[in-house]
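This report covers helix packing, the relation between the copies and one annotated region. The structure comes first.

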There are 6 protein chains.
Amino acid sequence: MASNLVWKLCRPIVFRQLASLRSGAEIRNFSSSDPPPENISRYPVPYKKDLPHDIVDLMEEVESKGGFLPNVFKVLSHRPAEFRAFFSYYNELMNKETGGLTKADRELIVVATSVHNKCLYCVVSHSALHRIYSKKPTLSDQVIVNFENAELSARERAMLDFAMAVCRCDTITEQHFQSLEDVGFDREDAWDISAITAFFAMSNRLAHLTDMRPNLEFYNMGRMPRDKNKDKGNVKGE
Amino acid sequence: MASNLVWKLCRPIVFRQLASLRSGAEIRNFSSSDPPPENISRYPVPYKKDLPHDIVDLMEEVESKGGFLPNVFKVLSHRPAEFRAFFSYYNELMNKETGGLTKADRELIVVATSVHNKCLYCVVSHSALHRIYSKKPTLSDQVIVNFENAELSARERAMLDFAMAVCRCDTITEQHFQSLEDVGFDREDAWDISAITAFFAMSNRLAHLTDMRPNLEFYNMGRMPRDKNKDKGNVKGE
Amino acid sequence: MASNLVWKLCRPIVFRQLASLRSGAEIRNFSSSDPPPENISRYPVPYKKDLPHDIVDLMEEVESKGGFLPNVFKVLSHRPAEFRAFFSYYNELMNKETGGLTKADRELIVVATSVHNKCLYCVVSHSALHRIYSKKPTLSDQVIVNFENAELSARERAMLDFAMAVCRCDTITEQHFQSLEDVGFDREDAWDISAITAFFAMSNRLAHLTDMRPNLEFYNMGRMPRDKNKDKGNVKGE
Amino acid sequence: MASNLVWKLCRPIVFRQLASLRSGAEIRNFSSSDPPPENISRYPVPYKKDLPHDIVDLMEEVESKGGFLPNVFKVLSHRPAEFRAFFSYYNELMNKETGGLTKADRELIVVATSVHNKCLYCVVSHSALHRIYSKKPTLSDQVIVNFENAELSARERAMLDFAMAVCRCDTITEQHFQSLEDVGFDREDAWDISAITAFFAMSNRLAHLTDMRPNLEFYNMGRMPRDKNKDKGNVKGE
Amino acid sequence: MASNLVWKLCRPIVFRQLASLRSGAEIRNFSSSDPPPENISRYPVPYKKDLPHDIVDLMEEVESKGGFLPNVFKVLSHRPAEFRAFFSYYNELMNKETGGLTKADRELIVVATSVHNKCLYCVVSHSALHRIYSKKPTLSDQVIVNFENAELSARERAMLDFAMAVCRCDTITEQHFQSLEDVGFDREDAWDISAITAFFAMSNRLAHLTDMRPNLEFYNMGRMPRDKNKDKGNVKGE
Amino acid sequence: MASNLVWKLCRPIVFRQLASLRSGAEIRNFSSSDPPPENISRYPVPYKKDLPHDIVDLMEEVESKGGFLPNVFKVLSHRPAEFRAFFSYYNELMNKETGGLTKADRELIVVATSVHNKCLYCVVSHSALHRIYSKKPTLSDQVIVNFENAELSARERAMLDFAMAVCRCDTITEQHFQSLEDVGFDREDAWDISAITAFFAMSNRLAHLTDMRPNLEFYNMGRMPRDKNKDKGNVKGE
């Protein structure tokens, strides 16, 4: 089946990202069980037995590697075909290995633009990912309140200014590109910044539709410096 | 290759839609040649010879069946992997055969929300599609100026009110769903309306990034009642 | 009667403008009869027999020369004294022969500012006039969606920037005038731009009050290149 | 000449209104001479000797009867033809003797909507007229700050709510008319409210263009209870 | 009691300010009695006999020296502890003798920012104080309508631009400070401008809560040039 | 000195609140030293030796009891007199023992309104206090992104709706009070909600002026369930 093949391509990247969730070791102390599915979406969340095999396979791998299954997988599985399109696109944008954006940069764009769109799920989950990738435990909280006075580098600020212009559907001009180029980004980076912003413009709206709720694990991920000893224990426990 | 397989799945639907473009017979009088590629995007538009075969195949089929190749295909081919994800998703949303939304409904949602986002490409191209599907040559022009006093049915008005709430990232409440249900839509229709709105929230922003220009053919498509004789002539001329 | 005399002064110009409507030859194919009066305004549209002679005379001349009577004449005749004041003012602004603004410029100002005000009647009717005067069949459609990325000259852009500042009641400063002068406009042109914008600020609001509907003829006027042979026929018929 | 005839028709009404300015008796204490013309407009104010006779005649009558010449007459005389159209229209709307709106109502509409448009000239001059017509020396000051908590009757509030909807170019619906009818206005009153609002939407923008400055006399007119003896003198002089 | 001691410190300054209210001599002609307390606040206004002695003492001194008791004293006495905190803070900000801001400057800041917040009480009372301190009887009326085209010095304009940025919760940057320094203000002045703006951000909201109504005396204070003879009479009466 | 006496009154309450900060036991792991003073404010932060004794005494008590000194104490000590007024007022509003608002309610109001004002310091510090008082570790994060779909009770939602109306300077009407009364609040609670909102309207703006930075301790306070053993230790220390 074609759909399985698509997943074969994108899974490795999904898993790579999901695995990084585990670095938020303290999440073990927080919540051992997800809230019942009916609380995470306004729409029915399918039982695994009713989902296509490729989607179940993906979910199980994600959960076993990442430690928990982000609710967006559950919520969007209500529409399996759209689920596949959504995560294929997501992988192209968020997990690519080339270009001038770091993983932390990508997450910061998601946080800043999703705050503008008042999207609870995306802000909470992607600020967690930003804390982990950036190893800066407070920067995303600052950006959530006001990116204009957050402790950003000039490069990060220019990146978010561009992302916010795209987020607001401002008419993009050469001046916008020039501001990016002044801090070292090129036009392909501009496309990356914009495509991420655009994808989450979509994602934020799906979250509003479904009233998608973030997993409790996300709230605290990446906030505390890891205790070396505790980490070892966790690794053993796997 | 997986990517080819995806296209095998989605092509029939793409073609079905593109074929409908031909019903705008008067476009033959308008422009026989596309503007040079450099005028349709701020980013380089690849030569066919540099594009992956699956994308070229698709483009050629679309062009031969629809009479011209919408510029969005050319502009987004700058990023082949994202191109595939974009059009896979597009097909799931715009060409599905089930649910309460007609093709004209889907296009009307795109027009109304893309106007809000000031997206030239999407407004011009999808108002053309709306004229063709709806056989109402002036309704999309009305919606472009002000959907609130356009000649809409109560059902269409509720549909656009919901779409605009999603477009603006309003917090969606049960009241929003109730307003849809009052005119006969169900929750799956609400998802369709929202997913289309969300997808074009993304698409509009990509068009702003690239300064994507609509094909001249779109401006006049579906405006004039078709001349039976001329139509025959056109069919002959194919 | 004074009112007749005023009309004697302004009629020639009105007719000159209305006559230009005929150049949109394809409108003959579209609609042979106006919608019934009750559909074009929220207020009663008077029967001709109940209107003052000077207004009837004007309407008949306009209709015979232009091919159809724009609905604004019918709708505003509900208040004959205001009708006379409105069209006297209109003529001073839109039909003057002096100054740096072309007829197409004037119509473009009306289109851009009326879109901001979401005025269906003025956008549809004056984008038709712009297409005819400018012989650019797509520029007004672009301005309707987003004047910021329409294919405007620097001169047109500065003109619309100034008009939009007046339209929004921004506080006008010397800098605004300087931007006009940079592209060759003088202070009298600034007055013309502003007075047109101001007049349509009024006109747009009257259209909202009355729910004034555009004649169907306007939607397609000026969109298609004229057929030489048909044109000849029209010229004969004049 | 037609233009003289128009003025013959509208002068009596202009004078009637201007005469009422004199009832603000305290203005005599304030300023005996207008600021030099160059301070009241960004555009040249013509010398009387350069103006058409009909406009000079009008200005002199206004000044002799009203005690001073409102600057709008001077500023707009820069364009005599537009001057005539402007004041003809003004008279139709502000001085009509029929319908459900009092003179104070009309001025209150001008004040509330001109504040929204941040128009110094119209707010200062028409709040003066409101104080005189209404004999309420503080109500316009309240409306200038916030019409929502001003000491308005339910009728006045509904009137201003409707005017503000027109002022903002809201799409007017049957519900708007119903709210007026609930307090006793009919559809013709709705037209009057809207036409005044629309006319000052134009007027406010002309004032912004010209940076029109109010006569000093307006600031204090109608604020103080009149001194009976002084009043008698004024009555004699009329 | 500590509260008495606080008042001993701040009273002299309060009285100094209140005394200046008397310079608006014409207020005697206007209203001899306050509206009944129930009309000045949505909350109960305590009887003097029920108020703490320190608050009654203050009120009586204010009234005897200033000629009338501003309603804010009555309205906020509903909460005596908050009353003390409010007026202590007020005195620190509005009556300090040091720094680059004049008393008129301080009042102008209050007027401009309170208009933005649509606060009837603060606009009416502090525009009165501005007229008295500045001896400019019309400037505050101009600022109320539109501070951007009021007859302000460059220094006043920069001051209000900064205040409005603080009022709107803009993110304050070095550029904001630079604009103040360009016209001669230093960083301590910037603090003063901001603290006044911030205090009235609070005060405006308390006025909205309580629907606080201005004393009638404020509307006309400082508008008229003082009559020398009448002034003497007033001085005698003290 | 009066100032000392004021502090004698308000200190016990300040300390009671500050002590509660200590319950966030995990903060010990985070940062043992404050950032240097120059990083917490745009204005100079005084050395202790240069501050009035009453302020130093207060600071030392707060630090010893609470575990760290919130930066707002350091930043505002730049202006000792305003410091005293600020904290006196703060205590009246935030630490009162009467009325229908819990401590968690008060903090939630601060969080929701300070987010609207994009105030980094107040959002970060008061969301910490909310987590501690409410024992709900994620609710403030939800409110920060979008209070409209946070997991609030009907009572909390009505409270925040009222607070946001005050925060935005909406004109408050009886309907606003009715909505509070529908969930059990009375008019004195409405005053409390509004006064807190109003005070932080001020506080947010002072934080913007000074670019006040939150102590690192605040970011994580109250997020983790407390370790019983560690807690015992803390209790001993109290």
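## Helix packing in chain B

In this predicted model, α5(B) and α8(B) are oblique to each other, a class left over once angles under 35 degrees (roughly parallel), over 145 (roughly antiparallel) and 65 to 115 (roughly perpendicular) are set aside. The crossing of α5(B) past α8(B) is right-handed, that is, the near helix is turned clockwise from the far one by less than a right angle. B:D105, B:L108, B:I109, B:A112, B:T113 and B:H116 of α5(B) meet B:R155, B:E156, B:M159, B:L160, B:A163, B:M164 and B:C167 of α8(B), with contact meaning heavy atoms within 4.5 Å.

The axes of α5 (residues 103–116) and α8 (residues 154–167) of chain B come within 10 Å and cross at roughly 45 degrees. Axes are lines fitted to C-alpha atoms over the stretch in contact, with angles from 0 to 180 degrees between N-to-C directions. Helices are DSSP runs of H or I with at least four residues, and strands are runs of E with at least two, numbered from the N terminus.

## Relation of the copies

A turn of 180 degrees and a shift of 0.0 Å along the axis lay chain A on chain B with an RMSD of 0.0 Å. The two copies are thus related as by a two-fold rotation axis. Superposition is by least squares on C-alpha atoms of residues with pLDDT of at least 70 in both copies.

Of the interface residues of chain A, 100% are also interface residues in chain B, so the copies meet through the same surface.

## Conventions

Residues are numbered from 1 along each chain as its sequence is written, and chains are lettered from A and ligands numbered from 1 in the order written. Local features need pLDDT of at least 70 and side-chain atom pairs pLDDT 80 or more, while totals for chains, interfaces and linings use all residues, and side-chain values use heavy atoms, without hydrogens and water.
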